[in-house]
Amino acid sequence: MTGLLRSGAPLPASVRAEAGKRGLPRVVVSTATATAESYLQGAHVTAWAPAGQVDVIWMSEKSAFAPGAPIRGGVPVCFPWFGPLPWGNAPLHGFARVSDWTLAEVTEQGDEVALVFTLSDSEETRASAWPHPFDARYTVTVGAGLTLALEVTNTGAEPITFAEAFHTYLGVGDVRDVSITGLEQAPYVDRLVSPEWLEPTGEPLTITAETDRVYAQPGTIAVVDRAGARTLTITAQGSANAVVWNPWIAKAAAMGDFGDDEWTQMVCIETCNVLDAAVTLAPGERHAMVATISVSATE
Ligand code: TA6
């Protein structure tokens, strides 16, 4: 899998390119501080484990890894829309996560490795439900933390508006024994009930049923994973929302690429700009959304 890097430059010793599942190309990072992997399809991170930790990123055993189909688990990059579109046969959560990104740069900085993926408008995207010129640059920095940075530039002559999300699947010991803090003061939409914004709950979120909520202006979010004896913390910049999702029993059973019993091992904490926080860029403008995930022992 040489030549994966657009420039043709050799990869650092800590990074290898290989054929991943179902032959889809991926890059694998192995350093003293962490291991990680990302597929070029969707620039989709499918693994990240700091040294001494079990994987923080959850993957379904049933993910299809089919060309052009969403990978179940990991960090889907949702762009330029979130969720289903009310019109057209558009893929759920946008075309970015089912597109082939280019691995433009790989750099080692101390004990971190930065992978830079790029995606721009193409004949295919211009024929989609969102036919606008754009450049997207997605930097995945692998170290004792995982930093995801999506920069979108409006390369056209008209304003563009888009939604975006890191649809991050986090692995937990048992989602029924998890407490999620940082959302106590955030208004939210319960997408299972209605589109109206509800008052903040004032307390940590626990998962006791199918959960699909959009929060406005969340703080730093912490997933206290008691069964996994660790806390996963997500800090964000350039993001107005967070989504919390767990399919619970029935929805997990209804998804062909999701094991019936897997729902207890994951929770999605999605750093995003969605609903009325969709991003509008004037021609030439750029917007960055950044999320950093870190792991600590649970007090
Ligand atoms: O972000 C939550 C959500 O929109 C849920 O409503 C459910 O549709 C889920 O995403 C689907 O996730 P997927 O990885 O299949 O796109």
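This passage describes the ligand site, the two largest pockets and two backbone features of a predicted model. Residues are numbered from 1 along each chain as its sequence is written, and side-chain values use heavy atoms, with hydrogens and water left out. Because the model is predicted, local features need pLDDT of at least 70 and side-chain atom pairs count only at pLDDT 80 or more, whereas totals for chains, interfaces and linings use all residues.

The ligand is surrounded by Arg72, Phe82, Leu92, His93, Arg97, His167, Tyr169, Arg191, Asp212, Val243, Trp245 and Glu270 (a residue is near a molecule if one of its heavy atoms lies within 4 Å of it). By class, this shell comprises five nonpolar, two polar and five charged residues; Ala, Val, Leu, Ile, Met, Phe, Trp, Tyr, Cys and Pro count as nonpolar, Asp, Glu, Lys and Arg as charged, and the others, Gly among them, as polar. Polar contacts (pairs of N or O atoms within 3.5 Å) join oxygen atoms of the ligand to the side chains of Arg72 at 2.7 Å, Arg97 at 2.9 Å and Asp212 at 2.6 Å. The protein buries 90% of the 390 Å² that the ligand exposes when taken alone (Shrake-Rupley method, 1.4 Å probe).

The ligand occupies the largest pocket, where a molecule sits in a pocket if more than half of its atoms lie within 2 Å of its grid points. A pocket is an open set of points on a 1 Å grid over the protein atoms alone, where a 1.4 Å probe fits, with protein on both sides within 12 Å along at least five of seven lines; lining residues have an atom within 4 Å of a point. The volume of this pocket is about 370 Å³, taken as the space filled by probe spheres set on the points. Of its 21 lining residues, Leu92, His93, His167, Trp245 and Lys251 lie nearest the centre, and the lining divides into ten nonpolar, four polar and seven charged residues.

The second largest pocket holds about 290 Å³. Its lining includes Pro91, Phe95, Asp100 and Glu124, and consists of four nonpolar, five polar and three charged residues. Both β7 (112–120) and α1 (123–126) supply at least two lining residues each (DSSP runs, with at least four residues for helices, H or I, and at least two for strands, E).

Most residues other than glycine have a negative phi, and most peptide bonds are trans. The bond from Phe79 to Pro80 is cis, with omega near 0°, and Pro80 is found in the loop between β5 (77–78) and β6 (102–109). Ala229, although not a glycine, has a positive phi of about 55° and lies in the loop between β18 (221–225) and β19 (230–237).

Technical notes: Polar contact = N/O pair within 3.5 Å; in protein donor to acceptor, adjacent residues only side chain to side chain.
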